[in-house]
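Here are my notes for the colleague who asked for a second reading. They take up a surface feature and then the spaces within and around the fold.

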Amino acid sequence: MPHDQKLAGKAWRKNWLSRLKQQSLAATQWLKHPQRDDEWKAISAAEDIGLITAPVLLVAGWQDAVAGASLRMMQSLRSPCKAIIGPWAHEYPQEAEANAIDFAVEILRWFDLHLKGQPTGVMQEPAFRYFMQDPQMNGAAITGRWLSDMMWGAGAFANQSLFLTSTGLAISKGDEQELTFSSPLTAGF
């Protein structure tokens, strides 16, 4: 490394406190714009998803606020895409406590194909892999199984209305009654 680059690196490290003080808190942006306004639209991929031509690997957790957005994005993308949704929250899959996938292997295969052009077979595998969680009883550990679907995206599914009844989901609306339940999932951060 040239001498002037070494000096620049030292100066950069030396001034870390002043740089840190200049940074704004990420939540500040969210709090200033809690609604979907022009600020969010300017940086949102959803405004014209057709502009995305690069291959996309969507990774989300069912306990994360972005899981639904990942599903909507996968439905709309026209570029090569795949999605993995697991039993974790807003964290890296390899840091999740239960039933995580080997994320390093997944991401390496994706990048080896799309950045290096090495055949990995990843695009011949199901487009959508997701963790189907078993019902939890009394704070038990998360259990379930990984499932996958080849068909996903526009035209691959149909909407169906289901109604919650005292015996589970039904295709027709029953008598209205109050139901209570207990969920291990939380909302927010």
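1. In this predicted model, Leu-162, Leu-164, Leu-169, Ile-171 and Leu-179 together make a nonpolar surface patch of about 540 Å². One of these residues, Leu-164, is placed in strand 5, which covers residues 163–165. Leu-164 counts as exposed because its relative accessibility is 63%, and the cut-off for that class is over 50%.

2. The largest pocket holds about 690 Å³ of space, and its lining is formed by 18 residues, with Trp-40, Ala-65, Val-66, Ala-69 and Arg-72 lying nearest the centre. Two or more lining residues come from each of helix 4 (38–43) and helix 5 (67–76), and helix 5 gives the most, with four residues.

3. As to the character of that pocket, its lining residues divide into 12 nonpolar, three polar and three charged.

4. The structure also holds one cavity of 30 Å³ or more, and the volume of the largest cavity is about 80 Å³. Its lining consists of Leu-57, Lys-82, Ala-83, Ile-84, Glu-106, Trp-110, Val-122, Glu-125, Pro-126, Ala-127 and Arg-129. The elements that contribute two or more residues to this lining are strand 2 (81–86) and helix 6 (103–114), and the largest share, three residues, is that of strand 2.

5. Which classes of residue make up the lining of the largest cavity? The residues there divide into seven nonpolar and four charged, with no polar residue in the lining.

Key:
Residues are numbered from 1 along each chain as its sequence is written. This is a predicted model: local features need pLDDT of at least 70, side-chain atom pairs count only at pLDDT 80 or more; totals for chains, interfaces and linings use all residues. Side-chain values use heavy atoms; hydrogens and water are left out. Patches are made of residues with over 30% relative accessible area and no salt bridge: like charges are joined within 9 Å, nonpolar side chains (Val, Leu, Ile, Met, Phe, Trp, Tyr) within 5 Å. Accessible areas come from the Shrake-Rupley method with a 1.4 Å probe; for residues, only the protein chains shown count as cover. A salt bridge is a side-chain nitrogen of Lys or Arg within 4 Å of a carboxyl oxygen of Asp or Glu. Buried means under 20% relative accessible area, exposed over 50%, partly exposed in between (1.4 Å probe, protein chains only). On a 1 Å grid over the protein atoms alone, a cavity is a set of points where a 1.4 Å probe fits but cannot get out, and a pocket is an open set with protein on both sides within 12 Å along at least five of seven lines; lining residues have an atom within 4 Å of a point. Grid points are joined across faces, edges and corners, and a volume is the space filled by probe spheres set on the points. Ala, Val, Leu, Ile, Met, Phe, Trp, Tyr, Cys and Pro count as nonpolar, Asp, Glu, Lys and Arg as charged, and the others, Gly among them, as polar.
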